[in-house]
Amino acid sequence: MKVIYLCVSLLLCGVLFGSASGCGVETDEPPSCKTEPETCNQLDDDCNGTVDDLAGEPCYQGPEGTRNVGTCRAGKPACGDGNIVCAGQVLPTAEVCNGRDDDCDGSVDEEFDFQTGQDTCGRCDRACTPMELCVAGQCTRRKEVVCDNALDDDNDAAVDCADTDCSTLPCGPGCSCIGGKRAETSCANGEDDEGDTLADCLDPDCDTRSCGAGCLCLELQKGEGDCVNTVDDDDDTRVDCADSDCSDRSCGDGCVCQGGVRVELLCDDHVDNDGDSKVDCVDPDCTDKFCGLGCLCGPPNNEEVACSDGLENDGDGLVDCADPDCNGMSCALGCLCVNLSRREVACGDSLDNDGDTRIDCQDPDCNGEQCSSSPGAVCISTVCSETRCNDSLDNDNDGRVDCADNNCEGLPCQTSSGQTGRCNSGTCQ
């Protein structure tokens, strides 16, 4: 009767007030939502109230062996500008004298000289004054400080640059004491500053020193020192990357000089780094270079190379094993992508490696596969079965050896007399 009364009431409501009257039934139930794995589309695919909050394992794009070493830390997958990035990761940087392992190689401040370093004498924050010399980690006042007068000012039998007190001090215009001798340090003035008959870049002392704006002394001649400024800095008629001096050197952010031309180096920043009007994977320079987290540039298409992170990395809408790119690649420990599906390949570890709720021999993927540390046991009809019955070993770990194991029935064995037989009713006959 209550049902009939409710139906009649609703009918009268519609008749008296019409469909535009607002009659209806309120509900606290949220609208239905079909959950999907979260992707970078500015939508809440997994219906958890947050847009583009990617799942997936912690990510790290630094060199092998540096993750969680020193200052390096893993990050989390996040949506970048049209691609997936590893947000929050800390990668190796050049070592700085700061008491930390910046380059994540397991050593702290290993590139700095604390025994004789003028700027790091004994510790990172101690620099000796020009009138001091770092000796055995201590700033010691120099005795000889005039290093171009040909006099033994401190009576220690060492004169000018031959006296360690003079190390790094001037020995005249354009000259400094280096390694116990006079060295040319002004390499663009056309003068033989230290008196060895060699001037500027022709003097080995000037190697890698500046020979002027954008110019660098390289192998006893002027070399291109600036590979970005579009200027022929060393006057050899070749500019920037066209000059062999610039080979393998930076030509700007995300650009490197190779083979006499500018080459795109960063392929996931949406910038035409080498100025050829081609961006990221569209540029052939980017072939086989990373185009974001778990993505490798083609041709012909971008390729998914991270097949266990639950993310759509290469922009084709297919995730992990569902992407043909992942065929034959690992999808987790003991899991392999095969024919667009996850396949169990570790069949003796008591784990559901492919996530289908079936473990080891219970998984059809394991049929015929080795199911123990011994090659003498394989999965047969969901059971780990002994298949080698003449080695006196319990290969399938069921407590029974050779013919005493029912799985060996009818299989070759070795009799007590050393003859080949077959297992029959628990014995070798």
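Why does Met-131 count as partly exposed? Its relative accessibility is 32%, and partly exposed covers values between buried (under 20% relative accessible area) and exposed (over 50%), with a 1.4 Å probe and protein chains only.

Before you click on, note that this is a predicted model: local features need pLDDT of at least 70, side-chain atom pairs count only at pLDDT 80 or more, and totals for chains, interfaces and linings use all residues. Residues are numbered from 1 along each chain as its sequence is written, and side-chain values use heavy atoms, with hydrogens and water left out.

**Stop 1: Met-131.** Select Met-131 in the loop between β2 (84–87) and β3 (132–135). Strands here are DSSP runs of E, at least two residues, numbered from the N terminus.

**Stop 2: strand β9.** Select residues 215–218. Side chains alternate along this strand. Cys-215 and Cys-217 point to one face and are buried. Leu-216 and Leu-218 point to the other face and are not buried.

**Stop 3: strand β8.** Add residues 210–212. β8 pairs with β9 in the antiparallel sense, over 2 bridges; pairing takes at least two DSSP bridges between two strands. Find Ser-210: it stands opposite Leu-216. Now look at the hairpin, with 2 residues between the strands. Gly-214 there has a positive phi near 70 degrees.

**Stop 4: strand β10.** Select residues 221–224. β10 runs antiparallel to β9, and 4 bridges join them. Which residue in β10 is the bridge partner of Cys-215? Glu-224 is. This hairpin also has 2 residues between its strands. In the turn, Glu-219 has a positive phi of about 50 degrees.
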